Amino acid sequence: MSAVKFAPSLLSADFSRIAEQIAAVSDADWLHLDVMDGRFVPNITWGPKIIGDLRKLSKATFDAHLMIVEPERYVDAFREAGADIITFHLEATPHAQRLLAHVRSTGAKAGIAICPQTPVAMLQDVIEDCDLVLVMSVNPGFGGQSFIPRSLEKLREARALIDARNPACELEVDGGIGEGNLTEIVAAGASALVMGSSIFGTADPGATVRRMRSLLH
Ligand code: DX5
Ligand code: ZN
């Protein structure tokens, strides 16, 4: 497998000095952008305008995680704002296959996310339509929560599905990840790690990313 991607989540960054925070993690592979609408999840973050402004600060792959109802109404706006990967929740739309195809048609990579209560088997009929599967290892909405242990088994199940049907698909995991558990999470099959508080909660986020990466060698 190619190198594991590190995706710092700006949810835990200090937006009063966001340019500095983004520059600090320039060694990371992706920037993870959590879009929350106060309906799908009980928290609100930012929309396309903010992502478009952040786009001017970074050439990194922008990994947009839409935690919003009716994602089909907004994917074009996030693509125009500069999102390179657009991930929406399976639980948020009855027409996931159509939306995955639409995201791909915009030129973005198409991702699908599942909450902790959603079985990996629910992805059986759309796995070929995905460029990325995101297994949520916390209930989405907030940073700083604890990793749900059952997520490791879900990662193994998702890895088996991806290897059998769509080996190029990324397997991303999001929530409660840090230096203490990232090795076992990668061993379970993850190819991309989202981390918020364990990176931006440290004094030197760039050094933290480099140290974490060294744990995988
Ligand atoms: C949670 C978000 C995550 C969040 C993770 O709903 O999707 O991306 O930033 O935060 P940590 O890494 O602190 O659990
Ligand atoms: Zn996220």
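**Note on a predicted single-chain model**

1. Asp-14, Arg-17 and Glu-20 are joined to one another in a network of salt bridges. The model is a predicted one, and the network belongs to a structure in which a search of the whole finds 15 salt bridges. As general background, side chains of opposite charge can pair when their charged atoms come close.

2. On the overall charge distribution, the protein chain carries 20 positive and 27 negative charges. The mean positions of these two sets lie 3 Å apart.

3. Regarding secondary structure and dimensions, the protein chain contains eight helices and eight strands. Its C-alpha atoms fill a box of roughly 45 × 35 × 30 Å along the principal axes. The radius of gyration is 16 Å, which agrees with the value near 17 Å that a compact globule of 217 residues would have.

4. Burial and surface may be taken together. Of the 217 residues in the protein chain, 53% count as buried. The accessible surface amounts to about 9400 Å², and carbon and sulfur atoms contribute 53% of that area. Among contacts in the protein chain with a separation of 6 or more, 63% are made by residues 24 or more positions apart.

5. Helix α5 (residues 151-165) deserves a separate point. Within this helix, Asp-163 and Arg-159 are four residues apart, which means that about one helical turn separates them. The two form a salt bridge in which the closest N and O atoms are 2.9 Å apart. The partners differ in accessibility: Asp-163 is partly exposed at 45% relative accessibility, whereas Arg-159, at 13%, falls under the 20% limit and therefore counts as buried.

6. A further residue of helix α5 is Ile-162. Is Ile-162 buried or exposed? With a relative accessibility of 0%, Ile-162 counts as buried. Apart from neighbours within four places in sequence, Ile-162 is in contact with Ile-127, Val-133, Pro-167, Cys-169, Glu-170 and Leu-171. Leu-99 may be given as a point of reference: Ile-162 and Leu-99 are 63 residues apart in sequence, and their C-alpha atoms are 19 Å apart in space.

7. Glu-157 pairs with Arg-150 in another salt bridge, the closest N and O atoms being 3.2 Å apart. Glu-157 has a relative accessibility of 29% and counts as partly exposed. Arg-150 is also partly exposed, with a relative accessible area of 47%.

8. The salt bridge between Lys-56 and Asp-53 has its closest N and O atoms 3.5 Å apart. Which class of accessibility applies to Lys-56? Lys-56 has a relative accessible area of 69%, and because this is over 50%, the residue is exposed. Asp-53, by contrast, counts as partly exposed at 29% relative accessibility.

9. One backbone feature should be recorded. Glu-70 has a phi near 50°, a positive value in a residue other than glycine. Where is Glu-70 found? Glu-70 sits in the loop between β3 (61-67) and α3 (75-81). With 35% relative accessibility, Glu-70 counts as partly exposed.

How values were computed:
Residues numbered from 1 in each chain as written. Chains lettered and ligands numbered in written order. Predicted model: local features only at pLDDT ≥ 70, side-chain atom pairs only at ≥ 80, totals over all residues. Heavy atoms only, no water. Helix = DSSP H or I, 4+ residues; strand = E, 2+ residues; numbered from the N terminus. Rg over C-alpha atoms; globule rule 2.2 N^0.38 Å. Buried < 20%, exposed > 50% of the residue type's maximum accessible area, 1.4 Å probe, protein only. Contact = heavy atoms within 4.5 Å. Areas by Shrake-Rupley, 256 points an atom, 1.4 Å probe, with all protein chains shown as cover. Lys, Arg positive; Asp, Glu negative; His and termini not counted. Charge placed at Lys NZ, Arg CZ, Asp CG, Glu CD. Salt bridge = Lys/Arg side-chain N within 4 Å of Asp/Glu carboxyl O.
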